[in-house]
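Got your viewer ready? Let's take a walk through a protein and its ligand, one selection at a time.

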Amino acid sequence: MKIGFIGVGGMARAIIGGLIQARTFAPTDIVVHSHRQESYQPYAQEHGLVAVLSNQKVVQASDLVILAVTPNVAPAVLKEIKADLTGKVLISIVAGLSLGDIADLVGETVPALRTLPNVNVEVGAGMTAVAANAALTGDDLTAALRVFNTIGDTTELAEDQFGVFSALAGSSPAYIDFFIDSLSRAGVKHGLTKAQATQIAAQATLGSAKMVLSSNKIPFELIDQVSSPGGSTVAGLLAMEEAGLMTAVVKGIDATIKRDAGGPA
Ligand SMILES: NC(=O)c1ccc[n+]([C@@H]2O[C@H](COP(=O)([O-])OP(=O)(O)OC[C@H]3O[C@@H](n4cnc5c(N)ncnc54)[C@H](OP(=O)(O)O)[C@@H]3O)[C@@H](O)[C@H]2O)c1
């Protein structure tokens, strides 16, 4: 199976890197083209990918086609490749481009998957929302999902929930980094070096996320497990809540969603 990328910017490169590292596709099964030859040619050469001279040629040479261009050029590119899409699966990572928009541009019969990957695909731990159209079923759907399951996890979502997803997974790496930095800063306040405190805070965050995902418990049950009666953890938790931690997080997500929907900053 061949996979083609139209656009090889930051996000496409993160996905390609993950696919090569996991050996889901051999470099010679990855076909690329983008706007400027000086951008895609050296990149393809460096990684042993197949570079072709047009977007149409990407589609002709691929089974799965990933549309990885910026939103402003996506409609023109879809019109350009429309005639070559018969028998192909189209995967879009273009933010804001709905399945309805795709159907208007290339027709409803092209199997299509709308996706929203987050930046953590770069380290193989991404979170990607997916929505398939009615034409994408069976083995084609499995193949399309495998791309994103190779580089993290996926969740099927109704398209009207992509805005919430974008706040919870697209913007949250910044918020989680902010939390890690706050934890680390507290370590510095109490005498650790910044490097050591950051390593400790980041690894504790990673491990706690793994605990949540690998247990059948909600986070509050895990909190209770580590909070012994009259102990230091419950004292810390209550002090954080007195300062409004949960309300601050929810307000931050509300503001993200509002701004994403076109509201004021
Ligand atoms: N970055 C993120 O965290 C993120 C997350 C989720 C979704 N997305 C979506 O992913 C898409 C790509 O984002 P990005 O951050 O990778 O953008 P980017 O770095 O700006 O890359 C855009 C790519 O599109 C190529 N391009 C422009 N016009 C083209 C054309 N007519 N034909 C073929 N290729 C063309 C550019 O070519 P050259 O390299 O030759 O200039 C470039 O490779 C966007 O639609 C964005 O909404 C991004």
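Here is a tour that goes from the whole chain to the ligand, then to the core, two helices and a loop.

**Stop 1: the whole chain.** Keep in mind that you're looking at a predicted model. Show the protein chain as a cartoon and you'll find 11 helices and eight strands. Along its principal axes, the C-alpha trace spans about 70 × 40 × 35 Å. Out of 265 residues, 28% are buried. Now think about who touches whom: among contacts between residues at least 6 apart in sequence, 61% join residues at least 24 apart.

**Stop 2: the ligand.** Select the ligand and the 25 residues around it. Which of them come nearest? Those are Gly-7, Gly-9, Ser-34, Ser-39 and Ala-95. Color this shell by residue type and you get 16 nonpolar residues, eight polar ones and one charged. Next, look at where the shell comes from: helix 1 (10–21), helix 2 (37–47) and strand 6 (112–117) each supply at least two residues. Helix 1 gives the most, with three.

**Stop 3: the nonpolar core.** Hide the ligand and select the largest nonpolar core, a group of 48 residues. The members that touch the most others are Val-32, Val-65, Ile-66, Leu-67, Ala-68, Leu-90 and Ile-91. Helix 1 is again the top contributor, giving this core six residues. Now click on Leu-67. Leaving out residues up to four places away in sequence, Leu-67 touches Ile-6, Ala-74, Val-77, Leu-90, Ile-91, Ser-92, Ile-93 and Val-94.

**Stop 4: helix 6.** Select residues 138–150, which make up helix 6. You can check its length yourself: at 1.5 Å a residue, 13 residues should span 18 Å, and the end C-alpha atoms are indeed 18 Å apart. Which residues of helix 6 are buried? They are Ala-144, Val-147 and Phe-148. These three cover an arc of only 90° around the axis, so they sit on the same side of helix 6. Spin the view to the face turned away from that buried side, and you'll meet the exposed residues Gly-138, Asp-139 and Thr-142. What covers the buried residues? Helix 1 is part of the cover, and so are strand 4 (64–67), strand 5 (89–92), strand 6, strand 7 (126–132) and strand 8 (152–156). After helix 6 comes Gly-152, with a positive phi near 145°.

**Stop 5: helix 11.** Jump to residues 245–260, where you'll find helix 11. Try the length check again: its 16 residues should span 22 Å at 1.5 Å a residue, and the end C-alpha atoms are 23 Å apart, which agrees. Now pick Asp-260 in this helix. Is Asp-260 buried or partly exposed? It has 17 C-beta neighbours inside 10 Å, so Asp-260 counts as partly exposed. Add Ser-166 to your selection: Asp-260 and Ser-166 are 94 residues apart in sequence, yet their C-alpha atoms are 8.5 Å apart in space. Not counting residues up to four places away in sequence, Asp-260 touches Gly-163, Ser-166 and Ala-167. Helix 11 is followed by Gly-262, where phi is positive, near 100°.

**Stop 6: a loop residue.** Finish at Arg-23, in the loop between helix 1 and strand 2 (30–33). Most residues other than glycine have a negative phi. Arg-23, though, has a positive phi, near 60°. With 9 other C-beta atoms within 10 Å, Arg-23 is exposed.

Notes. Residues are numbered from 1 along each chain as its sequence is written. This is a predicted model: local features need pLDDT of at least 70, side-chain atom pairs count only at pLDDT 80 or more; totals for chains, interfaces and linings use all residues. A residue is near a molecule or strand if its C-beta atom, placed from the backbone, lies within 6 Å of it. Helices (H or I, at least four residues) and strands (E, at least two) are DSSP runs, numbered from the N terminus. Ala, Val, Leu, Ile, Met, Phe, Trp, Tyr, Cys and Pro count as nonpolar, Asp, Glu, Lys and Arg as charged, and the others, Gly among them, as polar. A nonpolar core is a set of buried Ala, Val, Leu, Ile, Met, Phe, Trp, Tyr and Cys residues joined through C-beta atoms within 7 Å. A residue is buried if 20 or more other C-beta atoms lie within 10 Å of its own, exposed if 12 or fewer, and partly exposed in between; C-beta atoms are placed from the backbone. Two residues are in contact if their C-beta atoms, placed from the backbone, lie within 7 Å. The expected span of a helix is 1.5 Å times one less than its number of residues. The arc is that of the directions from the helix axis to the C-beta atoms.
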